[in-house]
Amino acid sequence: MQIDTLRRRLRALGANPRHEHRVLRLWSQAKPQDDGPRPIENFLPATLRAALPEITRDLAALATLHAEHPGEDGSRRQVVALADGQLVESVLMPTAGSRQRAPTLCVSTQVGCAVGCVFCMTGRTGLIRQLGSAEIVAQVALARASATVRRVVFMGMGEPAHNLDNVLEAIDLLGTAGDIGHKNLVFSTVGDPRVFEALQSRSADQVRPALALSLHTTRADLRAQLLPRAPRLTPEELVEAGERYARLTAYPIQYQWTLLEGINDGDEEIEGLARLLQGKYAILNLIPYNAVDDLPYRRPTSEAALAMARSLHQRGILTKLRQSAGQDVDGGCGQLRARAIQTRPQGGRRVIAVAAT
């Protein structure tokens, strides 16, 4: 379902823009439709009030909790069932340095993914289908039913650039009725010229999210191997495009770097990053790899990862060593979904998985 479809449904029931905004605000913030000091019978038209129970049920069915896996790090990885029975993953991640502050929510934008990153479980499935904008927001509403969410990152299953219209429609709602600050909405991508064009051309009444770019290496040849179906932007071109957007929005670009032992954690990459990011409005996130069964990639030791972060700091690169959420539950993106499909009872809703060609 798209948010625009929901808006048209509300208008057909007599909603004006204020009524529409109220329904979307309460839904996206996981509040009941009768919330607030003003009785709805004094505000909403009778036709809309009569339809609200059915609308509420339909919205709740967009994303339901199939399973939850708490991690020792305070994270909560969720396997989320969509209305057609497909499964995606979202994760509530504790704010760095504090479990008391509102967590960050990572949401999915596709079932599966067409980029085919060689170290990623999701990439092994291919693309199954796109998520509608309402399904993306529904993941946020589901998480907000049990936690305060002030930051949403579009870094779960899927490549947001391949579902651009739906992702941006969800971002616009979350950045307005959803009451999430624009810089706290983080669009993550492997890098696609269409993303930069779309974000830079947004009008004043549209949300400009922060941007996270999956870099992973400073070598164009290695990047082509690791991300075989990503657009063929060189690391230099990717950083140049990111820098233009950073200066436009005054938000630093977050460069994502999955640390793979013996592949992108050596001195050559450290020197390459120092050259590439020197003086850039950027944050480099080093993320030790979350191992996937049957794949040959491994995470470096904690000592090696820390030494790399320190070396980059000494070269003037703002670097944060992140910890992949849910490592103790084998919760790398796509792993929980794969296990859930394997263990789903025979009488459960059918999941149709057709890999993209």
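Colleague: Helices (H or I, at least four residues) and strands (E, at least two) are DSSP runs, numbered from the N terminus. So let's start there: how many helices and strands are there in the protein chain?

Modeller: A quick warning first: this is a predicted model, where local features need pLDDT (the predictor's confidence in each residue, from 0 to 100) of at least 70, side-chain atom pairs count only at pLDDT 80 or more, and totals for chains, interfaces and linings use all residues. Residues are numbered from 1 along each chain as its sequence is written, and side-chain values use heavy atoms, with hydrogens and water left out. The protein chain holds 12 helices and 12 strands.

Colleague: What average pLDDT does the protein chain get?

Modeller: In the chain, 89% of the residues score at least 70. The average pLDDT of the protein chain is 90.

Colleague: And over which residues is the pLDDT below 50?

Modeller: That stretch still has 25 contacts in the model beyond near neighbours in sequence. Contact here means heavy atoms within 4.5 Å. The pLDDT is below 50 over residues 346-357.

Colleague: How much of the protein chain is made up of buried residues?

Modeller: Buried means under 20% relative accessible area, exposed means over 50%, and partly exposed is in between (1.4 Å probe, protein chains only). Of the 357 residues in the protein chain, the buried share is 53%.

Colleague: Let's pick one helix. How far does H9 reach from its first C-alpha to its last?

Modeller: Helix H9 covers residues 235-249, which is 15 residues. The expected span of a helix is 1.5 Å times one less than its number of residues, and for H9 that comes to 21 Å. The reach in the model is close to this, at 21 Å.

Colleague: Which helices and strands help cover the buried residues of H9?

Modeller: The buried residues of H9 include Leu 238, Val 239, Tyr 245 and Ala 246. What covers them includes strands E9 (210-214) and E10 (253-259), along with helices H7 (193-200), H8 (220-226) and H10 (267-277).

Colleague: Which residue follows H9?

Modeller: Look at the backbone right after the helix ends. You'll find a positive phi, near 65°, and the residue that has it is Ala 250.

Colleague: On to the inside. How many residues does the largest nonpolar core have?

Modeller: A nonpolar core is a set of buried Ala, Val, Leu, Ile, Met, Phe, Trp, Tyr and Cys residues joined through side-chain atoms within 4.5 Å. Trp 27, Phe 154, Leu 211, Tyr 255 and Leu 284 have the most contacts inside the largest one. A second, separate core of 15 residues includes Ala 230, Tyr 289, Val 292 and Tyr 297. The largest core has 79 residues.

Colleague: How many aromatic pairs does the count come to?

Modeller: Rings of Phe, Tyr and Trp (its six-membered ring) pair if their centres lie within 6.5 Å; planes under 30 degrees apart count as stacked, over 60 as edge-to-face and the rest as tilted. By this rule, the number of aromatic pairs is 2.

Colleague: How far apart in sequence are the parts that Phe 119 and Tyr 289 tie together?

Modeller: Phe 119 and Tyr 289 pair edge-to-face, at 6.3 Å centre to centre and 85° between the planes. Phe 119 sits in the loop between strand E5 (110-112) and helix H4 (121-125), and Tyr 289 in the loop between strand E11 (282-288) and helix H11 (302-314), so the pair ties together parts whose separation in sequence is 170 residues.

Colleague: Is Tyr 289 buried or exposed?

Modeller: Its ring partner Phe 119 has a relative accessible area of 8% and is buried. Tyr 289 has a relative accessibility of 3%, so Tyr 289 counts as buried.

Colleague: Which residues do ring pairs link into a cluster?

Modeller: Tyr 289 also forms an edge-to-face pair with Tyr 297, at 6.4 Å centre to centre and 85° between the planes. Ring pairs therefore link up a cluster of Phe 119, Tyr 289 and Tyr 297.

Colleague: How many disulfides does the count come to?

Modeller: A disulfide is a pair of cysteine sulfur atoms within 2.5 Å. The sulfur of Cys 113 is 6.2 Å from the closest cysteine sulfur, in Cys 117, too far for a bond. Cys 120 is in no disulfide either, with the sulfur of Cys 117 nearest at 5.9 Å. The disulfide count is 0.

Colleague: Last one: what is the relative accessible area of Gln 139?

Modeller: Gln 139 lies in helix H5 (residues 133-144). Not counting residues up to four places away in sequence, Gln 139 touches residues including Ala 63, Val 88, Leu 105 and Leu 131. Gln 139 is buried, with a relative accessible area of 0%.
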